[in-house]
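Subject: Structure handover

Hello,

Here is the structure for you to look over. My notes follow below it.

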Amino acid sequence: RKETSRVSLSRGIGSSERSLSRLLDRIPVAVCLWSLEGRGILDVNRFFVRLTGRTRESVLGKDPSKTHILPPGLTLDAARSQRKRGGIPFELIHASGETRHGSAWMEKTRVDGHSCMLMFAIDLTERVRLERALRERTEFLDKLLENSPTPIYVRDSKSRFVLVNHAWEETTGLARRTVIGHTWSEIAPELDMGEQEKVNRRVYGGRAVVFEDILDTPTGRRNFIT
């Protein structure tokens, strides 16, 4: 009778785990369930396989804290504080050797009476790549702008200065801290603002415009072809 009960219990657990596997596979993010009682990884879904490059069969039963399946930052302590941070950022090494980036949420739970940890992870690798590329491009353009020997300024639709480069400061004798956020009329009242408005309308209408600026600066009167 005892043997029959044990077999029946084993079948019941197996059926429960199969149902859980089908459920996890329908969740559109990487999911990993592992035991906190020494049974290792109990289940993963197909998005976890895609995120890590490791098959389900190769990770089941493995202790995630003693392998490279999960990054070391995904711990119970991290899970306790994650709500304050909106998820746990992580890096892991894909089976191909590529570094993957993501954000994970973890929850302590019970499955069939056993204490477990459930992790949901979103793959953010492509977003991280795009953000890095944008940051590098922005840094490159900032350096290009700042080190250009040609005076360059940027104004918004209200004609307020939002950026000037070093060459502009050197040529005009005006420090950027005194011009950013201000308009030409505030900085140089002697300018013909009627002409400036004509230029603005043409520029914001989508046309490239070449015009002459005459500006009285601390270094004297300057004539620019702008």
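Strand 8 (residues 212-217) and strand 9 (residues 220-225) run antiparallel and are joined by six bridges. Please keep in mind that this is a predicted model.

**The hairpin**

Strands 8 and 9 form a hairpin, with two residues between them. Thr217 of strand 8 has Gly220 of strand 9 as its bridge partner. The side chains along strand 8 alternate. Asp213, Leu215 and Thr217 point to one face and are buried. Glu212, Ile214 and Asp216 point to the other face and are not buried. In a regular strand, side chains do alternate between the two faces of the sheet.

**Helix 5 and what follows**

Helix 5 covers residues 125-147 and includes Phe140. Is Phe140 buried or exposed? Phe140 has a relative accessible area of 53%, so the residue counts as exposed, the cut-off being over 50%. Together with Leu141 and Leu144, Phe140 makes a nonpolar surface patch of about 320 Å².

After helix 5 comes a loop that leads to strand 6 (153-155), and Pro149 lies in this loop. Pro149 is exposed because its relative accessible area is 76%. In sequence, Pro149 and Thr171 are 22 residues apart. In space, their C-alpha atoms are 9.9 Å apart.

**The loop at Gly53**

Gly53 sits in the loop between helix 2 (46-52) and helix 3 (56-59). Gly53 has a relative accessibility of 32%, so this glycine counts as partly exposed. Which residues does Gly53 touch, leaving aside those up to four places away in sequence? They are Phe48, His94 and Ala95. Gly97 is 44 residues from Gly53 in sequence, yet the C-alpha to C-alpha distance is 9.4 Å.

**Cysteines**

How many disulfides does the structure hold? The count is zero. A disulfide is a covalent bond between the sulfur atoms of two cysteines. Cys32 is at 0% relative accessibility, so this cysteine counts as buried. Cys116 is also at 0%, and therefore buried.

**For a look in the viewer**

I would begin with the two faces of strand 8, where Leu215 is among the buried side chains and Ile214 among those that are not. Then turn to the patch of Phe140, Leu141 and Leu144. Finish with Gly53 and its contacts to His94 and Ala95, among others.

Best wishes

Notes. Residues numbered from 1 in each chain as written. Predicted model: local features only at pLDDT ≥ 70, side-chain atom pairs only at ≥ 80, totals over all residues. Heavy atoms only, no water. Patch = residues over 30% accessible without salt bridge, like charges linked within 9 Å, V, L, I, M, F, W, Y side chains within 5 Å. Areas by Shrake-Rupley, 256 points an atom, 1.4 Å probe, with all protein chains shown as cover. Salt bridge = Lys/Arg side-chain N within 4 Å of Asp/Glu carboxyl O. Helix = DSSP H or I, 4+ residues; strand = E, 2+ residues; numbered from the N terminus. Buried < 20%, exposed > 50% of the residue type's maximum accessible area, 1.4 Å probe, protein only. Disulfide = S-S within 2.5 Å. Pairing = 2+ DSSP bridges. Contact = heavy atoms within 4.5 Å.
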